[in-house]
Amino acid sequence: MSTVAKHITAEELVRLPRGQFRYELVNGELKTMSPTGHVHGRVTVRLTLPLGQYIQEHRLGEAYAAETGFKLSSDPDTVLAPDIAFISAERVAACTSTSGYGSGPPDLAVEVLSPDDRKRDVQLKTARWLDAGVRVVWNVDPRLCTVAIHRPRAEPVILNIDDTLDGGDVLPGFRFPVAEIFVEG
């Protein structure tokens with residue numbers, strides 16, 4: 001006799017207690033994540049601050065912090081939460097919600113890799129973001145001090161500490177030295 005795992009919905013996910021774990025929902029299956037470590041948090045803030053400031057100064061839209069869920073599909077539901085997200089001013093009203101998760105993807109999803117992230121899992125999550133309509137995904141790797149830029153139907157571009165991260169057509173004019181994301185101290 002086989003058992004079928006019960007799928008949960010985005011509405012059930014948003015009501016789960018907060019505390020020890022973070023959650024995402026992939027095709028109705030609950031994914032539990034441990035809190036991030038020190039390096040992950042530092043690297044995320046080093047990119048969040050200049051990115052958020054640039055978005056506000058140029059009135060490009062809204063930036064969102066880690067744990068902000070985006071409902072990407074229904075029946076079964078998928079809700080993912082990047083470390084940093086951006087939604088353009090033209091799309092903010094259509095994507096946001098006063099309760100629960102916004103409907104649809106952000107324009108930019110930033111994932112800061114943790115030491116225990118498996119390559120295959122990162123690839124799958126990046127593909128989910130792109131398949132859902134995200135215009136660009138930045139995978140930030142503190143271990144290698146790189147930023148991999150993923151766009152739909154394009155090979156990834158890998159930046160190292162000698163390069164400058166460019167916002168392209170999603171964040172026109174945004175430029176930030178990759179080295180400043182990873183500097184310690």
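# A pocket, a core and some salt bridges

The largest pocket here holds about 1,300 Å³ of space. Of the 47 residues that line this pocket, Leu 113, Ser 114, Asp 117, Arg 118 and Val 122 are the closest to its centre. Bear in mind that the model is predicted.

Which elements build the lining of the largest pocket, each with at least two residues? The strands are E1 (22-26), E2 (29-33), E8 (108-112), E9 (136-141) and E10 (146-150), and the helices are H2 (38-57) and H4 (119-132). H4 brings the largest share of the lining, eight residues. Sorted by character, the lining of the largest pocket has 19 nonpolar, 12 polar and 16 charged residues.

## The core

Now for the nonpolar side of things. The largest nonpolar core counts 25 residues, and Trp 138, Val 147, Leu 165 and Leu 171 have the most contacts inside it. Two or more residues of this core come from each of H2, strand E6 (84-88), E8, E9, E10 and helix H5 (178-182). H2 is the top contributor to this core, with five residues.

So what does H2 look like? With 20 residues, H2 spans 29 Å from its first C-alpha to its last, close to the 28 Å expected at 1.5 Å a residue. Which residues of H2 are buried? They are His 40, Val 43, Thr 44, Leu 47, Pro 50, Leu 51, Gly 52, Tyr 54 and Ile 55. As background, an α-helix has 3.6 residues a turn, so residues three or four places apart point the same way.

Strand E10 is also home to Ala 148. Is Ala 148 buried or exposed? Ala 148 counts as buried because its relative accessibility is 11%, under the 20% cut-off. From Ala 148 to Val 110 there are 38 residues in sequence and 10.0 Å in space, C-alpha to C-alpha.

## Salt bridges

The model has nine salt bridges in total. The general idea is that side chains of opposite charge can pair when their charged atoms come close. Here are three of the pairs, with the distance between the closest N and O atoms.

| Pair | Closest N and O atoms |
|---|---|
| Glu 29 and Lys 31 | 3.8 Å |
| Lys 71 and Asp 77 | 3.9 Å |
| Asp 121 and Arg 118 | 3.2 Å |

How do these pairs sit with respect to solvent? In the bridge between Asp 121 and Arg 118, Asp 121 is partly exposed, with a relative accessible area of 36%. Its partner Arg 118 counts as exposed because its relative accessibility is 56%, over the 50% cut-off. Elsewhere, salt bridges that share partners tie Arg 91, Asp 107, Arg 135, Arg 151 and Asp 169 into one network.

For the pair of Glu 29 and Lys 31, Glu 29 is partly exposed at 42% relative accessibility. Lys 31 is partly exposed too, at 36%. What about Lys 71 and Asp 77, buried or exposed? Both of them are buried.

Arg 118 also ties back to the pocket: besides bridging to Asp 121, Arg 118 is among the lining residues closest to the centre of the largest pocket.

## Backbone oddities

A few spots in the backbone deserve a look. Most residues other than glycine have a negative phi, and most peptide bonds are trans.

Where is the cis peptide bond at Pro 76? The bond runs from Asp 75 to Pro 76, with omega near 0°. Pro 76 belongs to the loop between strand E4 (70-73) and strand E5 (78-80).

Asn 27 is not a glycine, yet has a positive phi of about 50°. The loop between E1 and E2 holds Asn 27. At 39% relative accessibility, Asn 27 is partly exposed.

Arg 59 likewise takes a positive phi of about 50° without being a glycine, and comes just after H2. The loop holding Arg 59 runs between H2 and strand E3 (61-65). Why does Arg 59 count as exposed? Because its relative accessibility is 74%, over the 50% cut-off.

## Pulling it together

H2 turns up in several of these places. This helix supplies at least two residues of the lining of the largest pocket, gives the most to the largest nonpolar core and is followed by Arg 59 with its positive phi.

Methods. Residues numbered from 1 in each chain as written. Predicted model: local features only at pLDDT ≥ 70, side-chain atom pairs only at ≥ 80, totals over all residues. Heavy atoms only, no water. Salt bridge = Lys/Arg side-chain N within 4 Å of Asp/Glu carboxyl O. Buried < 20%, exposed > 50% of the residue type's maximum accessible area, 1.4 Å probe, protein only. 1 Å grid on protein atoms, 1.4 Å probe; cavity = no way out; pocket = protein on both sides within 12 Å on 5 of 7 lines; lining within 4 Å. Points joined across faces, edges and corners; volume = space filled by probe spheres on them. Helix = DSSP H or I, 4+ residues; strand = E, 2+ residues; numbered from the N terminus. Nonpolar A, V, L, I, M, F, W, Y, C, P; charged D, E, K, R; others polar. Expected span 1.5 Å × (residues − 1). Core = buried A, V, L, I, M, F, W, Y, C linked by side-chain atoms within 4.5 Å.
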